[in-house]
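Reader: I'm new to this one and the whole thing is a lot to take in. Please pick a single part, look at it closely, and then show me how it fits with what lies around it.

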Amino acid sequence: MSLRIGIACYPTYGGSGVLATELGLALADSGHRIDLFSYARPQRLSAFHEGIEFHNVTVSSYPLFQYPPYDLALASSMRSVMEQGLDILHVHYAVPHALCAYLARRMAGPECATRIVTTLHGTDITILGRDPSYREVIRFGLEQSDAVISVSEWLAEETRTVFDYDGPIDVVPNFVDTERFSPPPTPCDRNKLAPEGAPLIVHMSNFRLLKRAHETLDVLDRIDHPDAVLVLAGDGPELSPIRDEATRRGLCDRVRFLGEIAEVTPILTCCDVALFPSESESFGLAALEAMSCGLPVVATRVGGVPEVVIEGETGYLHEVGDTAAMARSVQKLLADPELCAAMGQRAAARARECFSLKSSLEQHEAIYRRVLAAPIRHP
Ligand code: GMT
């Protein structure tokens, strides 16, 4: 049965926006009608995709508004689509989207049968959930949702602890389109990134402080490979200090700053090892995308990462801040191309077997059908 499904997300390069957009595209391709709400076109949403209507939520400025109320504009936009007959409103990242969905449903009135599904992605729980300004309002958003989804077992447990929440939580891990994120049939042209034969280490993130991306320079500095090159893909507040640190350490010639790139597969498939020194990660979508492209991952043993990267099989996990150990693992992989290739192949196989788009789509559709069959939560 084809459904009309609303999706609300952040449009930025963060994992929640990427996931929400990829899910919307896949649902549209399987015949559902999608209304996507955000304050700008998400980076992975093309100008036209059959089955998707993009609702660009704009906020009027007014002299009294020090903080223009995006939440209200979003709720208003959601309400008008609900009144056209929206089956599901699936919001990604609790703040403010779960509350906007609740408000929209209240405004749409008692006849409104739209079910609200909220996916928790990470910092909405781990950081905002611990902030007294948001804790109770997030808990209320969870309680008013017809289904709550978490992207890892770890985040589900964290949600129960942080909010003392005992409602049901479905765990639906991040997914990757393993056909798009896959090693190319012919070896890629690495020479654009590094001199002939130089090993390539890649880090991809939104360069927020919690990614600890500056530690990738320390790892590069520690490994015994004077020609190894570090590829940094993405942008964010910490990138500029990292550039300065690369200069201070005399590493400029060995670091490539690529900025935000729409299509990362051609970059990932050129590289040898992916490196993620995050201090917190509810899942680690970037690690999964690298795995799907056939790269072993060296990362920190935090949050949901051990549910993604299997120690000694598809990569190596270390304590936060232990750059010496991370450097040893990178060194070990670069020194042994057979080990590196075998781990990369196992990583790609794990991405295909455990985190496929198809299986995620089926899990989401099952949740939608379940909440539609259950009585609606009307306060
Ligand atoms: O921290 C980010 O990179 C952004 C954040 C978001 O919500 O946009 O990402 C979170 O969601 C991703 C998709 O579910 C997860 O793969 C990331 O692990 C998670 N980030 C953190 O928990 C820090």
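Author: A word on naming before we dive in: helices (H or I, at least four residues) and strands (E, at least two) are DSSP runs, numbered from the N terminus. What you see is a predicted model, where local features need pLDDT of at least 70 and side-chain atom pairs count only at pLDDT 80 or more, while totals for chains, interfaces and linings use all residues. Residues are numbered from 1 along each chain as its sequence is written, and side-chain values use heavy atoms, with hydrogens and water left out.

Let's zoom in on strand 11, residues 273-276. Which of its residues are buried (under 20% relative accessible area; exposed is over 50%, partly exposed in between, with a 1.4 Å probe and protein chains only)? On one side of strand 11 you find Val273 and Leu275, on the other Ala274 and Phe276, and all four are buried, so both faces are covered. That back-and-forth fits a general pattern: in a regular strand the side chains alternate between the two faces of the sheet.

Now look sideways, at who pairs with whom (two strands pair if DSSP finds at least two bridges between them). On one flank, strand 11 is joined to strand 8, residues 200-204, by two bridges, and the two run parallel. If you want a spot to click on, Ile201 has Val273 in strand 11 as its bridge partner. Strand 11 also pairs with strand 12, residues 297-300, again in the parallel sense and over three bridges. There, the residue opposite Ala274 is Val297 in strand 12. So Val273 has a bridge partner in Ile201, and its chain neighbour Ala274 stands opposite Val297.

How does the chain get from strand 11 over to strand 12? By way of helix 10, residues 285-292: strand 11, helix 10 and strand 12 make a right-handed β-α-β unit. Right-handed here means that, with the strands pointing away from the viewer, the path from the first strand over the helix to the second runs clockwise. Helix 10 is mostly covered too, with seven of its eight residues buried. Those buried ones are Leu285, Ala287, Leu288, Glu289, Ala290, Met291 and Ser292. Just past the end of helix 10 comes Gly294, with a positive phi of about 90 degrees.

Step back a bit and you'll see where strand 11 sits. It belongs to an open sheet of six strands, in the order 10-9-8-11-12-13, with parallel pairing. At the edges stand strand 10 (255-259) and strand 13 (315-318); each has a single partner strand, so one side of each is left without a neighbour in the sheet.

There is another sheet to set beside that one: an open sheet of seven strands, also with parallel pairing, in the order 3-2-1-4-5-6-7. Strand 3 (52-56) and strand 7 (170-171) take the edge places here, each with a single partner strand, so one side of each lacks a neighbour in the sheet. Inside this sheet, strand 5 (residues 115-120) and strand 6 (residues 147-150) run parallel and are joined by four bridges. For a landmark, find Thr118, which stands opposite Val148 in strand 6.

Strand 7 is also a handy signpost for the loops. Between helix 6 (153-163) and strand 7 is the loop that holds Asp164. Asp164 has a phi near 55 degrees, a positive value in a residue other than glycine, and at 63% relative accessibility it counts as exposed. In the loop between strand 7 and strand 8 lies Ala194, which counts as buried because its relative accessibility is 4%. The C-alpha atoms of Ala194 and Arg180 are separated by 24 Å, with the two residues 14 apart along the chain.

Past strand 8, the partner we met earlier, comes the loop that leads to helix 7 (215-222), and Arg212 is in it. The phi of Arg212 is near 50 degrees, positive in a residue other than glycine, and with 21% relative accessibility Arg212 counts as partly exposed.

One last backbone oddity to look up: the peptide bond from Val95 to Pro96 is cis, with omega near -5 degrees. You'll find Pro96 in helix 3, residues 94-108.
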